[in-house]
Every structure is written in structure tokens, then in C-alpha cells.
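User: Please take a close look at a single part of this structure and describe how that part is packed. Set it in the context of the whole chain, and give the cut-offs behind each term.

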Amino acid sequence: MEISQNKLTLYASKTLKRMKQRLFISLIIIASAILTLNPTEVSAKPRKEKVKNIILMIGDGMGVAHITHLMIDNKYQPINMQRATGGGMITTYSANNRVTDSAASATTYATGYKTNNAMLSVTPDGEPKTTILEKAEKAGYATGVVATSSITHATPAAFYAHSKRRYDSDTIAVQLLNSGIDVAFGGGDRPFTKRKDGRNLFDEARKAGYNVVQNIDSLQDVHSGNNFVIYPTGNNHLISMKQGRGDYLPKATAKALEILANNSRKGFFVMVEGSQIDYGGHGNSESTVLTETRDFDNAVGVAMDFADRNPGTLIIILADHETGGMSIVSNNEDFTESESGVDARFSTGGHSGEMVPLLTYGAGAQSIGGIYDNVEIYTIMCNLLGLE
């Protein structure tokens with residue numbers, strides 16, 4: 001059907017008139033809203049707070065579904081991670097695999113370089129790369145690592161050690177002793193005391209001025225200095241929450257922050273890992289995922305409370321990778337019932353290549369947002385602390 005030129009012109013004229021009317025009304029609404037605001041709210045610029053302390057919190061294996069399931073299990077009462085004021089998502093592939101392991105991913109956070117799976121803070125050809133912890137230590141910041149794994153395990157080790165093999169715990173333990181780190185809390189005493197070379201690294205640490213104990217409660221009256229808390233677990237990790245680990249991680253986080261804040265006026269860098277969320281994913285255990293994610297969230301709450309009391313503290317919460325391919329599904333696929341409950345399902349006993357969550361809180365938190373690759377987190381942290 002043909003439409004005359006006159007009709008088209010008339011239609012265009014009416015459409016343009018309506019658009020002008022809508023634009024005029026929109027401008028009136030916007031202007032009215034501005035006029036009702038407090039003048040100081042209109043003119044004030046966001047205050048950029050200097051970052052003095054960075055608390056990097058890694059939920060090993062923690063994906064979006066892990067956090068979501070904790071929120072559901074919490075009866076939709078807010079969890080600590082919901083206090084975050086910035087964030088986004090992170091891609092995690094390694095140099096030689098689209099699905100990373102903990103060593104390669106932690107290496108990117110620690111050094112800003114991609115490496116192969118199973119390698120720690122070295123390039124794929126084995127060249128050591130300086131970590132943010134090492135740079136911070138050299139620049140006069142206090143430094144530390146806290147984990148529920150063995151202290152020589154992949155994620156904590158990536159921040160102070162360099163190795164082509166993540167399981168070379170004897171060599172990694174020596175590098176921890178020589179790192180100058182202020183606090184190191186975790187498990188795994190064997191690489192320190194039952195070595196093939198006969199050395200006792202705990203004795204050497206004490207001679208170097210470290211306080212070495214086997215339980216976080218032993219530091220109740222300690223408020224500064226260099227401290228190792230290495231639980232006697234052989235070459236293994238601390239026991240799980242289901243086995244009775246208790247509030248070790250929140251306590252260790254609080255004590256580490258206290259000591260680090262007292263050790264340097266300049267500030268500090270610390271990595272805190274909820275290591276065993278990963279084990280729940282590997283074992284396809286919904287209950288382990290929940291208990292370990294909740295424990296990690298409790299430690300996040302401790303860190304956030306510290307940030308509230310100590311201006312200049314930035315908390316960055318993320319994961320090295322997702323484990324288990326976990327998803328949250330309805331218990332009733334019919335969807336006709338008003339509430340049928342949810343079920344956690346897993347697609348693998350290994351890691352997945354999914355993006356992982358990024359949450360931020362404290363100084364500068366709102367300036368961090370979007371989709372990042374994991375190497376970019378290193379650059380952000382170094383820039384904020386003024387490290388090269």
C-alpha cells in the first residue's frame with residue numbers, strides 16, 4: 001500500500017512535536033530534582049581517600065554460586081560480603097590453560113604476570129617475578145599472609161616464594177624464612193622441622209627474631225613484632241570447619257591486622273585466604289562449601305570492621321578460580337509451587353573456567369568496578385600503594 005508524501009510529512013511533523021514535548025517535560029523534571037537537592041550535594045566532589053593498607057581476601061574456589069548459596073542459607077539476612085561498595089568480575093585463565101589452578105592464578109595477583117599451571121611467581125620459562133608483597137616489604141610496608149591451608153600451599157606461597165613446582169614445599173619454606181614477612185599464619189610444620197637437609201627452620205626463625213607458636217590463641221598478649229603461627233599438621237592443612245576448626249580464620253585475621261598496623265606507620269599489605277572453600281567444590285560437598293564460605297565471610301566481616309576503624313584501608317575480595325562448576329537450582333523443576341527450595345549441583349570435581357566475583361570495601365573501593373583480567377588486580381594494588 002502506497003502512502004502519499006503529504007501523509008508522510010504530516011506524520012513526521014506530529015512525531016517531532018511529540019518528541020519536543022517529551023524532551024521539555026524531561027528537562028523540567030531534571031531541573032526540579034536538582035533544585036530540591038542540597039547545594040553542597042550538587043557541587044561537592046567525591047573525596048579521594050589515600051590507600052594506606054590493602055587486605056586482599058581470596059576465597060579459594062569461590063564462585064558466584066557459592067556466595068549466593070550462603071546468602072540463601074542465611075535466610076536472606078545480609079552477609080558481610082554484601083557490605084561491599086564496589087566490584088565486578090574477573091577472568092582467570094592461565095598462560096597455558098583456559099582453566100587455571102591456584103598457583104597460576106595467585107601468581108597473577110601477586111606479580112601481574114601470567115604463568116603456567118603449577119608454577120609460583122615465575123614466568124612460564126622459569127624467570128622469577130617480584131611479588132607485590134616483596135615490593136611492599138622493600139618499600140617499608142608491613143606484610144603478611146593468613147590461610148587455612150598449609151602456609152607453603154600454592155596461594156599463600158605465590159606471594160613470597162618463586163618455584164617452577166608448587167609442591168616443592170621444602171624450598172618454599174626456606175623462602176618464607178628469608179622473605180622478611182611480618183606475619184605468616186597457617187598450617188604445615190613438616191617443611192620447617194622434618195627436612196631432608198636436617199635444618200630446623202623454626203629454630204632459625206627464632207634466632208632471626210620471630211616469635212614461633214603453634215596456635216593462634218598463643219598470640220593473645222602479642223600485639224606487634226614478627227610472628228609465625230604454624231599449626232602442627234605435618235605437610236597438610238588445618239582441619240575443616242566440619243571437623244571443628246572453629247573461629248581460627250576470623251581470629252587470625254584480626255590478630256594479623258593488629259600486628260601489621262602496629263609494625264609499620266606507613267601501612268601494610270596482607271593476603272587472607274579462605275583456603276578450604278575449594279575442597280568443598282572438589283568433593284562436591286554442599287555442606288563443606290557452606291561452612292567454609294561462611295567462615296571466610298566471618299573473616300571478611302573482621303576486615304571490614306577494621307577498615308571502618310582505620311581510614312585508608314582497602315579490602316579486595318575475590319577468588320583464584322571457581323571449583324566444582326556449582327549452580328543453584330530449584331528442588332522442583334515444575335516451578336508451579338510458590339516455594340520449592342533450592343539445591344546445589346556440581347558439574348565437575350575440578351576447577352571451572354568461569355569468571356569469579358570481585359568485591360571491594362573501604363578506601364577507594366568505589367573506583368574499582370567492571371570486568372578485569374586477574375593480572376590487572378596486581379596493577380591496581382601497586383598503583384594504590386605507590387609501588388613501582
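Analyst: One helix and its setting

The protein exposes about 18,300 Å², and carbon and sulfur atoms supply 53% of that area. Accessible areas come from the Shrake-Rupley method with a 1.4 Å probe, and for residues only the protein chains shown count as cover. The model is a predicted one, in which local features need pLDDT of at least 70 and side-chain atom pairs count only at pLDDT 80 or more, while totals for chains, interfaces and linings use all residues. Residues are numbered from 1 along each chain as its sequence is written, and side-chain values use heavy atoms, with hydrogens and water left out.

Of the 388 residues, 51% count as buried; buried means under 20% relative accessible area, exposed over 50%, and partly exposed in between (1.4 Å probe, protein chains only). Contacts join heavy atoms within 4.5 Å. Among contacts with a separation of 6 or more, 73% involve residues 24 or more positions apart. The protein has 13 helices and 14 strands, which are DSSP runs numbered from the N terminus (helices H or I, at least four residues; strands E, at least two).

The part chosen is helix α3, residues 64-73. Its buried residues are Ala-65, His-66, Ile-67, His-69, Leu-70 and Ile-72. As background, an α-helix has 3.6 residues a turn, so residues three or four places apart point the same way. The buried residues of α3 pack against two helices and several strands: α11 (277-282), α12, β9 (322-323), β10 (327-330), β11 (342-345) and β13 (356-362). After α3 comes Lys-75, with a positive phi near 60°.

Of these partners, α12 (residues 286-309) has an axis that comes within 9 Å of the α3 axis and crosses it at roughly 85°. Axes are lines fitted to C-alpha atoms, for helices over the stretch in contact, and angles run from 0 to 180 degrees between N-to-C directions. The two helices, α3 and α12, are therefore roughly perpendicular; that class covers 65 to 115 degrees, with angles under 35 counted as roughly parallel, over 145 as roughly antiparallel and the rest as oblique. On the α3 side the contact is made by His-66, His-69, Leu-70 and Asp-73, and on the α12 side by Glu-286, Val-289, Leu-290, Thr-293, Arg-294 and Asp-297. By class, this contact of α3 with α12 holds three nonpolar, three polar and four charged residues. Here Ala, Val, Leu, Ile, Met, Phe, Trp, Tyr, Cys and Pro count as nonpolar, Asp, Glu, Lys and Arg as charged, and the others, Gly among them, as polar.

One of the strands that α3 packs against, β13, belongs to an open sheet of ten strands with mixed pairing, in the order β5-β6-β4-β3-β7-β1-β8-β13-β2-β14. Two strands pair if DSSP finds at least two bridges between them. The edge strands, β5 (211-213) and β14 (369-373), each pair on one side only. Direction ignored, neighbouring strands of the sheet are turned by 15° against each other on average. Within the sheet, β1 (residues 53-59) and β7 (residues 268-274) pair in the parallel sense over seven bridges, and Met-57 has Val-272 of β7 as its bridge partner.
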